[in-house]
Amino acid sequence: DVTIRLADYRPTAFAASQVEMIFRLFADRTEVETTTTLERRAGTAPDEALRLSGDEIEPARVAVDGETLGPDRYAADENGLTISGLPTAGPFRLTIETVLRPEANTKLMGLYSSNGIWCTQCEAEGFRRITYFLDRPDVLATYRVRIEADRAVVPVLLSNGNLTETGDLGSGRHFAVWDDPFPKPSYLFALVAGDLDLLEDRFTTASGREVALGIYTEKGKAGGAAYAMDALKRSMRWDERRFGREYDLDVFNIVAISDFNMGAMENKGLNVFNHKYVLLDPETATDGDYQGVETVIAHEYFHNWTGNRITCRDWFQLCLKEGLTVYRDQEFSADERSAPVKRIASVRGLKAHQFPEDQGPLQHPVRPREYREISNFYTSTVYDKGAELVRMIETILGADQFRAGMDLYFERHDGEAATVEEFVRCFEEAGGADLSQFARWYNQAGTPVLEVKEAFDHDAGRLTLSFAQSLARGSAGTGTEPFHIPVRFGLVGPNGQDIEASPVSGAAIEGDVIHLRKAEETVVFGGLAEKPFISILRDFSAPVTLKDEQSAADRLALARLDPNPFNRWRALSDLVGQALVDATAAARRGEAAAMEPEVADALIASAGDISLDPAFRAQMLALPSEADIARLIGVDVDPVAIHAARNGVVEAVGQRAGRRFDDLHREFRSRADAYSPDAASAGRRALANALLEYRVAATGEAETVAAQYAEAGNMTDRLAALGILAHRLPEAAETSAALADFYARFEDDALVVDKWFAIQATIPREDALDGVRTLARHPKFRLANPNRARALVGAFASGNQISFNRADGAGYWFVAEMIHSLDGLNPQISARIATAFRSWRCFETNRRAQARAALEELAARPGLSTDLKDIVERSLA
Ligand code: DPP
Ligand code: ZN
């Protein structure tokens with residue numbers, strides 16, 4: 001395999017302007033005829049051949065301007081097609097015919113069949129599995145697509161753009177023609193055909209364009225798309241208000257598909273979704289699922305401008321659309337729900353997924369410099385850290401200038417394939433800022449450490465904050481120069497209000513943001529009668545590891561009084577994190593887990609703090625996960641000790657809270673009234689279920705939680721109860737009864753059966769592996785379905801710390817074996833699940849040796865996909 005490098009970027013030798021496709025769908029095959037208008041670019045040699053990409057296809061016919069070429073004019077190989085003797089000047093029409101077998105396509109890239117529905121996935125390099133093409137994002141063309149099929153079997157025929165023609169072909173066949181007037185790269189092409197149900201609605205844009213909205217589902221499921229439709233309309237309105245972006249076609253269609261590699265795909269005018277992010281019903285979907293649908297619907301819709309109207313020049317620029325669009329969907333959720341709760345959830349996600357990636361063998365910069373397989377770069381670093389970079393630009397410039405920069409970006413680059421440099425330049429010009437140092441964030445991998453020291457001079461009334469930033473060179477081997485770090489801060493008085501303090505000297509300060517640019521810098525504030533509490537890195541204004549020397553007393557005070565809600569959460573979370581690290585060390589010495597009474601009391605108090613909304617209180621109560629604790633410990637990790645410590649702490653806090661948590665639980669637990677997915681109601685359920693877990697941990701009693709399981713009026717409460725039973729009381733008779741009942745109730749609903757698999761895959765016992773092995777032979781287990789594979793193998797590998805990381809290595813060997821089987825079907829998913837090995841070096845010697853042996857054995861197997869080989873080899877490097 002070959003390494004692709006950013007430094008090697010060259011435009012294509014030929015430009016494409018128009019693509020006309022005909023798809024003829026039959027039961028056993030699909031015939032595709034693609035005619036592309038091409039032209040040699042100025043500067044391309046007259047004898048230069050045309051090189052097109054292709055993957056697992058063959059040319060049935062090749063023609064130029066209608067004349068079929070003889071086999072001497074073209075040569076197909078494993079990666080594409082080379083055509084020589086093409087016109088030296090002016091446009092010409094190249095026709096290529098291919099024949100596809102969508103039924104046999106288990107990679108779910110290109111054209112495939114899912115539950116009888118024909119559908120496509122082309123990002124990043126799937127279009128080349130449909131036809132030979134200049135399959136790269138900087139080749140933009142308009143598409144006209146004609147689809148022909150049997151009307152009885154395939155009544156619905158969809159592609160990008162607007163529907164311009166339909167009709168009958170005789171012998172029961174019909175056709176539809178779709179025209180997409182916006183030039184687009186091939187990765188945004190889509191086709192869907194089948195017998196589908198439809199939920200319809202309408203939207204009028206700010207300037208009065210009438211848009212027909214449609215969500216297509218498998219038969220009988222369209223009712224489940226109502227909330228998704230509502231989320232779509234709210235997203236459309238929000239993008240108009242917040243960014244001045246209107247929708248641009250007459251139709252916007254979404255299709256929900258059961259077998260899908262990703263969450264969803266933003267194809268122009270025809271988004272294709274994993275059905276998990278469309279279909280909802282209170283009986284079968286949790287509050288988390290509702291939020292997930294809202295987020296993904298918004299994300300894909302927002303791509304219409306950030307990704308589609310302005311796309312990426314090459315795949316190294318992936319963060320240009322993904323980081324920016326994640327930023328936009330985060331802002332949408334913050335506006336629709338609670339901004340602090342959303343920010344806490346985003347930062348938790350960043351630390352859980354991006355930090356370990358950035359600190360391990362799969363490290364890469366937000367804009368990578370090289371790749372072997374682009375599918376492996378749809379990562380938390382590109383998406384989530386990419387979003388943090390956009391957020392930092394906003395923090396540096398302020399809201400108004402940030403908006404001006406976005407406006408300039410849309411105006412200047414509409415219709416183009418752009419780069420990160422062009423994006424950043426828009427903010428420099430519109431905001432009058434120098435972002436050259438800031439741009440290092442795109443190119444230097446790793447999480448910088450930011451140390452802060454505080455010194456207070458009582459007599460002079462001066463506070464000195466000393467900052468030191470450092471970046472260790474990691475596996476990516478990129479630079480370690482100092483970053484421009486925006487540090488949002490506040491000095492908090494004893495009454496819980498920010499003090500206006502005047503900076504006397506040191507690093508630049510604008511408003512509540514300190515701009516750090518050097519490896520070491522200080523800031524001095526004067527005019528302070530007493531030492532304030534220092535609230536630093538408010539709202540997590542930069543993706544760094546913060547090391548401060550704050551006393552426990554200061555943290556406890558900030559957890560109570562910081563007017564910045566995010567930092568209130570962070571102060572408590574830092575204390576709790578340290579307590580869990582200490583408890584793990586104690587557990588390793590064979591001692592019982594304990595928590596400082598002051599910290600436990602702060603946690604308990606936050607649960608009952610009526611000045612905070614319930615969703616926020618639930619966040620305060622949610623302890624770091626076992627994987628989070630492993631990351632805080634960093635080296636020589638013993639997952640069994642972590643598990644014992646965390647469990648012990650939950651139990652101790654639950655016992656200390658006693659009746660207080662019982663009373664609160666009674667106050668917040670769901671009443672019999674109807675379910676509403678709104679943020680406030682969801683927050684009450686989250687708090688009640690968090691309290692229930694502490695209560696069950698403290699008493700060890702299954703009765704209340706089993707009753708909640710049985711009586712629950714919605715999936716949120718039912719699944720929370722089932723999770724507490726399975727994860728806290730795995731031996732209880734109530735647990736096996738509830739698991740059996742859950743399956744019996746929902747066995748025909750694939751998305752709920754996924755939950756049933758995942759909950760058992762994550763039972764925190766070393767012998768959970770035995771259950772997982774049995775489940776892998778269950779009649780409902782299907783490795784070829786990405787959601788199911790993720791629900792069992794993915795959930796086990798990434799969510800079962802003690803069983804995956806078993807001391808005898810059995811967890812590693814089992815996952816390696818499953819990944820290998822999966823690799824023969826679907827390399828993207830096998831490679832994704834394999835990333836669960838990325839933190840193997842953090843464990844104690846014995847586990848480390850087992851993980852290495854399993855990875856080395858896997859790496860040595862013949863015939864691994866490029867995707868899996870890339871992940872396994874980088875993990876071992
Ligand atoms: N569909 C995926 C996303 O929206 C990849 N573009 O992030
Ligand atoms: Zn995206």
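**Exercise 1. Decide whether the overall size of the protein agrees with that of a compact globule.**

Step 1: a compact globule of 877 residues would have a radius of gyration near 29 Å. Step 2: the protein has 28 Å, so the value agrees with the globule. Keep in mind as you work that this is a predicted model. Step 3: for the extents, look along the principal axes, where the C-alpha trace spans about 90 × 65 × 60 Å. Step 4: turning to the interior, buried residues make up 53% of the 877 residues. Step 5: for the contacts, take those between residues at least 6 apart in sequence; 70% of them join residues at least 24 apart.

**Exercise 2. Count the helices and strands, then see how they fill the spans that UniProt lists.**

Step 1: the protein contains 27 helices and 33 strands. Step 2: from an unreviewed entry, UniProt lists "domain: Peptidase M1 membrane alanine aminopeptidase" at residues 227-440. That span is 55% helix and 9% strand, and its end C-alpha atoms are 41 Å apart. Step 3: UniProt, again in an unreviewed entry, places "domain: Peptidase M1 alanyl aminopeptidase Ig-like fold" at residues 446-548. Here the chain is 0% helix and 51% strand, with 19 Å between the end C-alpha atoms. Step 4: for residues 553-877, the UniProt feature is "domain: Peptidase M1 alanyl aminopeptidase C-terminal" (unreviewed entry). This span is 72% helix and 0% strand, and its end C-alpha atoms lie 43 Å apart.

**Exercise 3. Work out how domain 1 meets domain 2.**

Step 1: find the bounds in the domain assignment, which gives domain 1 (1-195), domain 2 (311-443), domain 3 (449-537) and domain 4 (747-877). Step 2: take the centres of domain 1 and domain 2 over C-alpha atoms; 31 Å separate them. Step 3: look at the contacts, where 14 residues of domain 1 meet 14 residues of domain 2. Step 4: sort the residues on the side of domain 1 that touches domain 2, and you get 8 nonpolar, 1 polar and 5 charged.

**Exercise 4. Which residues surround ligand 1, and which elements supply at least two of them?**

Step 1: list the shell: Glu 123, Met 262, Ala 264, Met 265, Glu 266, His 299, Glu 300, His 303 and Glu 322. Step 2: sort these residues into 3 nonpolar, 2 polar and 4 charged. Step 3: match the shell to the elements; strand E20 (264-265) and helix H2 (287-302) each supply at least two residues. Step 4: return to Glu 123, which belongs to the shell. A cis peptide bond joins Glu 123 to Ala 124, with omega about -5°. Ala 124 sits in the loop between strand E11 (117-121) and strand E12 (141-150).

**Exercise 5. Locate two residues with positive phi, and say how exposed each is.**

Step 1: recall the background. Most residues other than glycine have a negative phi. Step 2: take Glu 56, whose phi is positive, near 55°. Glu 56 lies in the loop between strand E4 (50-53) and strand E5 (61-64). It has 14 C-beta neighbours inside 10 Å, so Glu 56 counts as partly exposed. Step 3: take Asn 115, with a positive phi of about 50°. Asn 115 is in the loop between strand E10 (110-114) and E11. Because 14 other C-beta atoms lie within 10 Å, Asn 115 is partly exposed.

**Exercise 6. Describe the surroundings of Phe 203 and Ala 707.**

Step 1: place Phe 203 in strand E17 (residues 197-204). Step 2: count its C-beta neighbours inside 10 Å; there are 16, so Phe 203 counts as partly exposed. Step 3: leaving out residues up to four places away in sequence, Phe 203 touches Val 211, Leu 213, Lys 233 and Met 236. Step 4: for one of these, Met 236, the C-alpha atom is 8.4 Å from that of Phe 203, although the two are 33 residues apart along the chain.

Step 5: move on to Ala 707, which is in helix H17 (residues 703-711). Step 6: its count is 12 C-beta neighbours inside 10 Å, and exposed means 12 or fewer, so Ala 707 counts as exposed. Step 7: follow the chain 11 residues from Ala 707 to Arg 718, and the C-alpha atoms of the pair are separated by 9.7 Å.

Methods. Residues numbered from 1 in each chain as written. Chains lettered and ligands numbered in written order. Predicted model: local features only at pLDDT ≥ 70, side-chain atom pairs only at ≥ 80, totals over all residues. Near = placed C-beta within 6 Å. Helix = DSSP H or I, 4+ residues; strand = E, 2+ residues; numbered from the N terminus. Nonpolar A, V, L, I, M, F, W, Y, C, P; charged D, E, K, R; others polar. UniProt positions renumbered as here; feature names shortened; annotations may be inferred. Domains from an automatic or database assignment. Contact = placed C-beta atoms within 7 Å. Rg over C-alpha atoms; globule rule 2.2 N^0.38 Å. Buried ≥ 20, exposed ≤ 12 C-beta atoms within 10 Å, placed from the backbone.
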